[in-house]
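Colleague: I have some questions about the labels on this model. Walk me through the reasoning, please.

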Amino acid sequence: MTPEAKVKAKVTATLKAYGAYYFYPVTSGYGVSGVPDIVGCVNGKFFAIECKAKSNKPTMLQERNMQRIRDCGGVAIVVNEENLNDVQALLTQLQGE
């Protein structure tokens, strides 16, 4: 399993534990490039999570898509091995709103 796949697996486990609706968008065919790895909803709030390994950073296209999500009132975060707790904090916050 790649380091990024390990991050995705941990994020997915947290999303399941919180009962969040989520999916991995497909970017081929009719999909859109640069969409975050995981998009979902909890308590009526839209979120997107870009998973990275180590010190990898989102591409400019990924950053632009995450900013569009934020501009529309959604939440978009980047997660790696160092800040996996941000997913739990995000879900706790969104469930309380």
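Colleague: Which residue takes a positive phi in the hairpin of strand 2 and strand 3?

Modeller: N43 does, with phi near 55 degrees. The hairpin has 2 residues between the strands. Keep in mind that this is a predicted model.

Colleague: What makes strand 2 and strand 3 a pair?

Modeller: Two strands pair if DSSP finds at least two bridges between them. Strand 2 and strand 3 are joined by 5 bridges, so they meet that rule. They run antiparallel. C41, for one, has F46 as its bridge partner in strand 3.

Colleague: How do you know that strand 1 and strand 2 pair?

Modeller: The cut-off is at least two bridges. Here there are 3 bridges, in the antiparallel sense, so the strands pair. Y21 stands opposite C41 in strand 2. F23 has V39 as its bridge partner there.

Colleague: Why are strand 1 and strand 4 called edge strands?

Modeller: Each pairs on one side only. The sheet is open, with 4 strands in the order 1-2-3-4 and mixed pairing. Its edge strands cover residues 21-23 and 75-79. The twist averages 20 degrees from one strand to the next.

Colleague: What does helix 1 touch in the sheet?

Modeller: Helix 1, residues 3-17, packs on the sheet and touches strand 1, strand 2, strand 3 and strand 4. Its direction makes about 155 degrees with that of strand 3. Helix 3, residues 85-96, lies across strand 2, strand 3 and strand 4. Helix 3 runs at about 165 degrees to strand 4.

Colleague: Why is T12 called buried?

Modeller: Buried means under 20% relative accessible area. T12 has 11%, so it counts as buried. T12 is found in helix 1. Leaving aside residues up to four places away in sequence, T12 touches Y22, Y24 and I38. Its side chain also reaches the backbone oxygen of K8 at 2.8 Å.

Colleague: What makes Y21 exposed and F23 partly exposed?

Modeller: Exposed means over 50%. Y21 has a relative accessible area of 54%, so it is exposed. F23 is at 38%, which falls between 20% and 50%, so it counts as partly exposed. In strand 2, 4 of its 5 residues are buried, so that strand is mostly covered.

Colleague: How many aromatic pairs are there, and why is the pair called tilted?

Modeller: The count comes to 1 aromatic pair. The ring centres of Y21 and F23 are 6.1 Å apart, within the 6.5 Å limit, so the rings pair. Stacked needs under 30 degrees, and edge-to-face over 60. The planes of Y21 and F23 stand at 55 degrees, so this pair is tilted.

Methods: Residues numbered from 1 in each chain as written. Predicted model: local features only at pLDDT ≥ 70, side-chain atom pairs only at ≥ 80, totals over all residues. Heavy atoms only, no water. Phe/Tyr/Trp six-rings, centres within 6.5 Å; stacked < 30°, edge-to-face > 60°. Buried < 20%, exposed > 50% of the residue type's maximum accessible area, 1.4 Å probe, protein only. Axes fitted to C-alpha atoms, helices over the stretch in contact; angles between N-to-C directions. Contact = heavy atoms within 4.5 Å. Polar contact = N/O pair within 3.5 Å; in protein donor to acceptor, adjacent residues only side chain to side chain.
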